[in-house]
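Welcome, and please load the model in your viewer. We will begin with the whole chain and then step into its empty spaces, one selection at a time.

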Amino acid sequence: MKASSRKDFAYAMTPLKIVSWPVGTWPLQDYDIFSAMRGTIVIFLMLLMLLIVQTEMYFDRSDAEKNLDALLLIACGILAVSKIMWFRIRPAGLISNFTSAVKDYNDLEDQEKRAIMRMHAYMGRVVSGSVIIFAYVATVLFMIVPVLAGVEEEDIFNVTEEGVPDYPMPSEYVMELIKMPDNLYFIVFIIECLMRLLVSTGNLGSDSLFFGITFHLCGQVEILKLDFNRLGNENERAMEHFIVLIKRHVYLLNLAKMLNETISSILIVQLFASCILICTTGFQFILDLSVGNIVMAIKTFIVLSTLLVQLFAYSYVGEYLKLQMEGVGDSVYFCSWYDIPTSIAKNIIYVIMRSQDPVSLNAGKFFTVNMETYMSILKTSMSYLSVLRVMVNA
């Protein structure tokens with residue numbers, strides 16, 4: 001069982017470590033100079049990218065495709081910097097949850113509970129993997145399309161004079177301004193590719209870290225519900241066992257609150273940026289289809305899909321966490337409380353009352369992030385998109 005527990009822990013946590021350790025946000029790391037240097041270097045590269053892209057937009061406002069790429073990089077870069085800095089400044093909630101996860105796997109002795117934890121680890125991998133795959137596909141596509149387009153254009157028109165090199169991100173005017181030597185093009189190309197990958201890792205990788213540990217917490221709530229269902233008069237130490245379960249419930253509620261406090265401030269920026277980018281990319285997608293620009297339409301569609309998947313992941317995780325916390329009261333109510341000693345049964349009402357006010361995933365103190373919020377943001381984005389279409393057609 002101990003060997004199985006270690007394998008289960010590796011199954012659940014290794015993917016999260018892969019995407020969070022390079023940017024310095026892995027909660028179980030040693031917070032030493034080395035980890036601080038990783039985070040500092042990543043933040044510096046992303047801030048440099050933001051400076052380059054904003055300067056490029058200042059010099060060239062006429063290219064719609066380039067400006068869309070720049071807008072996406074700026075929004076995603078700001079989100080990535082915010083998440084990395086916040087997870088470094090206030091890591092207490094993540095550290096407590098991941099430390100508790102280590103203890104949960106070490107204390108695992110029941111096969112049924114192991115199956116529950118394995119199932120929630122799988123759910124975390126699916127959600128995190130979906131977000132990461134969409135992000136990296138969009139990143140790679142945005143890196144290679146400009147280069148391939150430049151090569152194709154040179155082959156078609158047989159251009160003999162030396163032109164401006166194509167970079168993975170909008171930076172041609174900036175490189176011309178600082179008089180970047182042509183022999184350093186390959187180095188600049190690699191650095192810009194690294195910047196794009198770091199933006200995806202810092203943004204969606206941080207999300208995966210949160211999704212994975214939230215699903216683990218939901219798995220622990222599911223195990224708590226199983227323990228409440230097993231309450232009965234056959235337990236000779238029923239009162240002590242009931243008190244242990246109540247303390248476990250309070251402990252899981254506190255872990256959920258710490259997770260909510262960790263991500264709450266960032267979610268405000270996340271949802272606002274998602275709404276704006278969904279409107280922008282959706283509008284660009286419609287325009288590309290109308291003019292027959294298939295390459296740009298594919299790019300914008302993949303970006304739009306990534307934004308929708310990310311927003312759906314947050315909403316689904318928030319909805320699932322809320323339902324699991326509310327389910328504690330139902331599990332207590334449907335247990336064999338009529339066979340439990342009266343001294344214990346009369347206290348069940350307090351557990352049910354507490355579960356009626358579950359911990360939810362909140363964006364600041366404004367609204368709860370759940371599937372209803374997801375539909376509301378989609379409706380708002382589509383409304384603004386319709387207004388944009390009418391304005392252009394007019």
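A residue counts as buried when its relative accessible area is under 20%. By that cut-off, buried residues make up 49% of the 394 residues in the chain of this predicted model.

**Stop 1: the whole chain**

Switch to a cartoon view and colour by secondary structure. You should find 12 helices and 2 strands. Going along the sequence, the pattern reads α-α-α-α-α-α-α-α-α-α-α-β-β-α. Now turn on the surface: the accessible area is about 19800 Å², and carbon and sulfur atoms hold 65% of it. If you like contact maps, note that among contacts with a separation of 6 or more, 81% join residues 24 or more positions apart.

**Stop 2: the largest cavity**

Rolling a probe the size of a water molecule over the atoms shows where empty space is left. A search of the whole structure turns up 4 cavities of 30 Å³ or more. Select Cys76, Ala135, Ala138, Thr139 and Ser200, which of the 17 lining residues are the closest to the centre of the largest cavity. About 280 Å³ of space lies there. Next, show helix 3 (64-89), helix 5 (111-157), helix 7 and helix 9 (294-333), the elements that each give two or more residues to this lining. Helix 7 gives the most, with 5 residues. Colour the lining of the largest cavity by class and you get 10 nonpolar, 5 polar and 2 charged residues.

**Stop 3: the second largest cavity**

Which residues should you pick to centre on the second largest cavity? Take Ala12, His120, Ala121, Gly124 and Gly212, the closest to its centre out of 16 lining residues. The volume of this second largest cavity is about 120 Å³. Helix 1 (2-20), helix 5 and helix 7 each supply at least two residues of its lining, and helix 5 has the largest share, 6 residues. By class, this lining divides into 8 nonpolar, 7 polar and 1 charged.

**Stop 4: the second largest pocket**

Finally, move to an open site. Select Asp104, Asp107, Lys113, Gln220 and Arg248, which lie nearest the centre of the second largest pocket among its 17 lining residues. Helix 4 (92-106), helix 7 (185-229) and helix 8 (238-291) are the elements giving two or more residues to the lining of this pocket. Helix 8 gives the most, with 5 residues. The second largest pocket has a volume of about 480 Å³, and its lining contains 6 nonpolar, 3 polar and 8 charged residues.

Conventions. Residues are numbered from 1 along each chain as its sequence is written. This is a predicted model: local features need pLDDT of at least 70, side-chain atom pairs count only at pLDDT 80 or more; totals for chains, interfaces and linings use all residues. Side-chain values use heavy atoms; hydrogens and water are left out. On a 1 Å grid over the protein atoms alone, a cavity is a set of points where a 1.4 Å probe fits but cannot get out, and a pocket is an open set with protein on both sides within 12 Å along at least five of seven lines; lining residues have an atom within 4 Å of a point. Grid points are joined across faces, edges and corners, and a volume is the space filled by probe spheres set on the points. Helices (H or I, at least four residues) and strands (E, at least two) are DSSP runs, numbered from the N terminus. Ala, Val, Leu, Ile, Met, Phe, Trp, Tyr, Cys and Pro count as nonpolar, Asp, Glu, Lys and Arg as charged, and the others, Gly among them, as polar. Buried means under 20% relative accessible area, exposed over 50%, partly exposed in between (1.4 Å probe, protein chains only). Contact means heavy atoms within 4.5 Å. Accessible areas come from the Shrake-Rupley method with a 1.4 Å probe; for residues, only the protein chains shown count as cover.
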